[in-house]
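Thanks for coming. I will walk through one structure today, part by part. Please look at it for a moment before I start.

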Amino acid sequence: MHILLVGAGLSCAVIGRTLAEAGHRITIMEARDHVAGNCHTVRDADTGVMVHVYGPHIFHTDDEEVWDYVNRYETFLPYKNRVKTTSKGQVFSLPVNLHTINQFYGKTLRPDEARAFIEEQADTSITDPQTFEEQALRFVGPDLYEAFFKGYTIKQWGMSPRDLPASILKRLPVRFNYDDNYFFHRFQGMPENGYTAMVERILDHPAITVHLNTAFTRAQADDYDHVFYSGPLDGFFDYELGRLGYRTLDFERFTYEGDYQGCAVMNYGEEDVPFTRITEHKHFAPWEEHEGSVCYREFSRACGPDDIPYYPIRQVKEKALLAEYEALVEKVGNVTFVGRLGTYRYLDMDVTIREALDVARAYLGKAGAGEAVGA
Ligand SMILES: Cc1cc2nc3c(=O)[nH]c(=O)nc-3n(C[C@H](O)[C@H](O)[C@H](O)COP(=O)(O)OP(=O)(O)OC[C@H]3O[C@@H](n4cnc5c(N)ncnc54)[C@H](O)[C@@H]3O)c2cc1C
């Protein structure tokens, strides 16, 4: 089969490799001038720092097959994400943990004491939290909510936590020990030579041809036996039903001679600081040494037609529109919608790779049996 893949991010790279190894001919169209999609990394010519162009990406997973997969194409070096936050003139450790609680309240509580103390702060009159705010007040009380959750959430989503569902903060968002590793996953690391080098290797197969700076349009689907599309779902239909809501990010890049902030990620939880965080990219590769530094000040705002869509909003209105697009998808025929934009979901890289492997294998099974392949 001659198969077209739209986008050269992780989704289509993994699908393309799997199908190429099974004997299919793969053409990839990528609108940008590079592969790797939003995981794209570039070594900065002046400082030598590996820069995460579309925002920092940390690899973490419990999926052993996915971990083995990425390690086949790139060496992953140990990396633990330890985030700090500046709030009320002090620097605290995130996620909120025993160190944060003790520092914030000027105490020396042990785990059991901290648990009881936070329960005293919690608003127990809220028995069935419906909103993000109610959930936070129920779990941690007003002080920690104001310092660590409220302002950041308002800036990130452009919405009051009163208008966001409780489900965003489902579990107890504090830890009663000193574990400040942001992720719980068994496998965590960073690619030694960046994500783009890894994706280039995944795509390095004689049956795969990549066309950069080449935007796909719907009419081209007819020229191929099948299409896997990882572009925006609404974009495929020329936005005929309207635009699915996204948040976009503006990165204000600056350089610094030396160590700007001493850590990779510094959040700014207060609402009157316009940016959400500053990331200092050399700290994402702690095994490297660089004199100079590249930092991104990160601002979140509503995504306009010419902006890069980053985070799907997926509120009631967006889900209704998504359902309308899903109805159109069923009528398309030879196209399967994949990845974070094609399915309008936030997907971590490991989930993206898992889904790409699964969808490629499902395709091979169905196409081999002469069955129709779903959208
Ligand atoms: C700010 C941010 C931070 C993140 N941090 C992490 C993290 O720390 N850890 C983690 O695991 N995950 C992280 N992710 C998630 C990660 O970026 C995704 O899992 C991954 O990018 C999904 O890959 P994809 O191939 O589905 O989509 P993308 O990477 O978006 O690739 C899609 C590609 O399709 C191309 N394209 C779109 N339309 C067309 C068209 N019409 N014609 C041709 N090409 C087209 C685009 O140019 C793009 O290159 C983060 C995401 C964001 C937004």
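How do the residues of the shell around the ligand divide into nonpolar, polar and charged? The count is 16 nonpolar, eleven polar and five charged. Keep in mind throughout that this is a predicted model.

Staying with the ligand, 32 residues surround it. The closest are Gly-7, Gly-9, Gly-37, Gly-231 and Gly-339. Three helices each supply at least two residues of this shell: α1, residues 10-21, α9, residues 339-342, and α10, residues 349-368.

Two of those helices, α1 and α10, also meet one another. Their axes come within 8 Å and cross at roughly 35°, and the crossing is right-handed. On the α1 side, the residues in contact are Leu-10, Ser-11, Val-14, Ile-15, Thr-18 and Leu-19. On the α10 side, they include Met-349, Ile-353, Ala-356, Leu-357 and Tyr-363. The residues of this contact divide into eleven nonpolar, three polar and one charged.

Now the domains. The domain assignment gives domain 1 as 2-79 + 191-243 + 314-368, and domain 2 as 96-169. Taken over C-alpha atoms, the centres of the two domains are separated by 36 Å.

Next, a sheet. Three strands form an open sheet in the order β5-β9-β6, and the pairing is antiparallel. The edge strands are β5, at 59-61, and β6, at 76-78, and each of them pairs on one side only. Neighbouring strands here are turned by 40° against each other on average, ignoring direction.

Which residue in β9 is the bridge partner of Phe-59? That partner is Gly-189. Between β5 and β9, which covers residues 187-191, there are three bridges. Helix α2, residues 64-73, lies across β5, β6 and β9, and runs at about 150° to β5.

Last, the strands around β15, residues 292-302. How many bridges join β12 to β15? There are eleven, with β12 spanning residues 246-257 and the two strands running antiparallel. Within that pairing, Tyr-256 stands opposite Ser-293 of β15. Strand β14, residues 277-280, also pairs with β15 in the antiparallel sense, over four bridges. There, Thr-279 has Tyr-296 of β15 as its bridge partner.

To return to the start: α1, α9 and α10 each supply at least two residues of the shell around the ligand, and α1 and α10 cross at roughly 35°. That is what I have for today.

Definitions and conventions
Residues are numbered from 1 along each chain as its sequence is written. This is a predicted model: local features need pLDDT of at least 70, side-chain atom pairs count only at pLDDT 80 or more; totals for chains, interfaces and linings use all residues. Two strands pair if DSSP finds at least two bridges between them. Domain bounds come from an automatic or database domain assignment. A residue is near a molecule or strand if its C-beta atom, placed from the backbone, lies within 6 Å of it. Ala, Val, Leu, Ile, Met, Phe, Trp, Tyr, Cys and Pro count as nonpolar, Asp, Glu, Lys and Arg as charged, and the others, Gly among them, as polar. Axes are lines fitted to C-alpha atoms, for helices over the stretch in contact, and angles run from 0 to 180 degrees between N-to-C directions. A crossing is left-handed if the near helix is turned anticlockwise from the far one by less than a right angle, and right-handed if clockwise. Two residues are in contact if their C-beta atoms, placed from the backbone, lie within 7 Å.
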